[in-house]
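Q: Could you take one part of this model and look at it closely, and then place it in the wider fold? A careful, connected account would suit me best.

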Amino acid sequence: MRVIKSDQITIRNLLLRHVDDVLAIERSCFSDPWQEDWFTAMIRTNVLTWGCFIGGKLIGYLMAIPSGESIHLANIAIDYPYRRKGIARKMMKRLYNYAHRNVCCSITLEVRESNSSAIDFYTAEGFVKVGVHKGYYMGVEDALQFNLDLSWS
Ligand SMILES: CC(C)(COP(=O)(O)OP(=O)(O)OC[C@H]1O[C@@H](n2cnc3c(N)ncnc32)[C@H](O)[C@@H]1OP(=O)(O)O)[C@@H](O)C(=O)NCCC(=O)NCCS
């Protein structure tokens, strides 16, 4: 198993020139991948679009939309060979730090009910299932709604 040292990894803002690499990971992860213009729009607007890099190589990304005191986690994916090495956890830590600095008190998300790896990941992060959105994915699959309450006291 390849070990990745923490100092090899950097998390920085995605730029438009990274979109092709983001799309390659996105398409390898999801049966209904986001389209290119969704990523370019998110990178152009004032949302959180972070890439995780080893050197110049993109190995994962996180997209989140702050809204008042809450943040919606819109997308997170780690390239397959780099999974189960704590990379997503590291990206989430950065999101919690952002939330802390900006006095956000919760993070929300939706996940396919069949996506057991992601559900295990969110549960390990402390997210709690708060609801079900029937037929959210093209009318054929339900979304589970998860919430993380951030207590800064
Ligand atoms: C979900 C995902 C982002 C997790 O990324 P990751 O970097 O592999 O996760 P981490 O290594 O940081 O895992 C942290 C903890 O989450 C849990 N976890 C993560 N993946 C898991 C899996 N496949 N099975 C069980 N538990 C898992 C474990 O508790 C893990 O800690 P451990 O490895 O010490 O046991 C990754 O599997 C992925 O990119 N999946 C495809 C895209 C996707 O489904 N995104 C979510 C859309 S809602």
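A: Met138 is found in the loop between strand 6 and strand 7, where strands (E, at least two residues) and helices (H or I, at least four) are DSSP runs numbered from the N terminus. Residues are numbered from 1 along each chain as its sequence is written. The model is predicted, and for that reason local features need pLDDT of at least 70 and side-chain atom pairs count only at pLDDT 80 or more, while totals for chains, interfaces and linings use all residues.

Although Met138 is not a glycine, it has a positive phi of about 55 degrees. Most residues other than glycine have a negative phi. Met138 is also exposed, because there are 7 other C-beta atoms within 10 Å; with C-beta atoms placed from the backbone, 12 or fewer such neighbours make a residue exposed, 20 or more make it buried, and counts in between make it partly exposed.

The strands on either side of this loop belong to an open sheet of seven strands with mixed pairing, in the order 1-2-3-4-5-7-6, two strands being paired if DSSP finds at least two bridges between them. Strand 6 (128–137) and strand 1 (9–13) stand at the edges with a single partner strand each, so one side of each is left without a neighbour in the sheet. From one strand to the next, the twist averages 25 degrees. Helix 4 (residues 116–124) packs on this sheet and touches both strand 7 (141–149) and strand 5 (106–112), contact meaning that C-beta atoms placed from the backbone lie within 7 Å. The direction of helix 4 makes about 160 degrees with that of strand 5, the axes being lines fitted to C-alpha atoms, for helices over the stretch in contact, and the angles running from 0 to 180 degrees between N-to-C directions.

At the edge formed by strand 1, that strand pairs with strand 2 (residues 48–54) in the antiparallel sense over five bridges, and Ile11 stands opposite Cys52 in strand 2.

A second residue that is not a glycine yet has a positive phi, of about 60 degrees, is Arg84. Arg84 lies in the loop between strand 4 (70–78) and helix 3 (87–101), and it counts as exposed because it has 10 C-beta neighbours inside 10 Å.

As for the chain as a whole, it has four helices and seven strands, and 22% of its 153 residues count as buried.

Definitions and conventions. Two residues are in contact if their C-beta atoms, placed from the backbone, lie within 7 Å.
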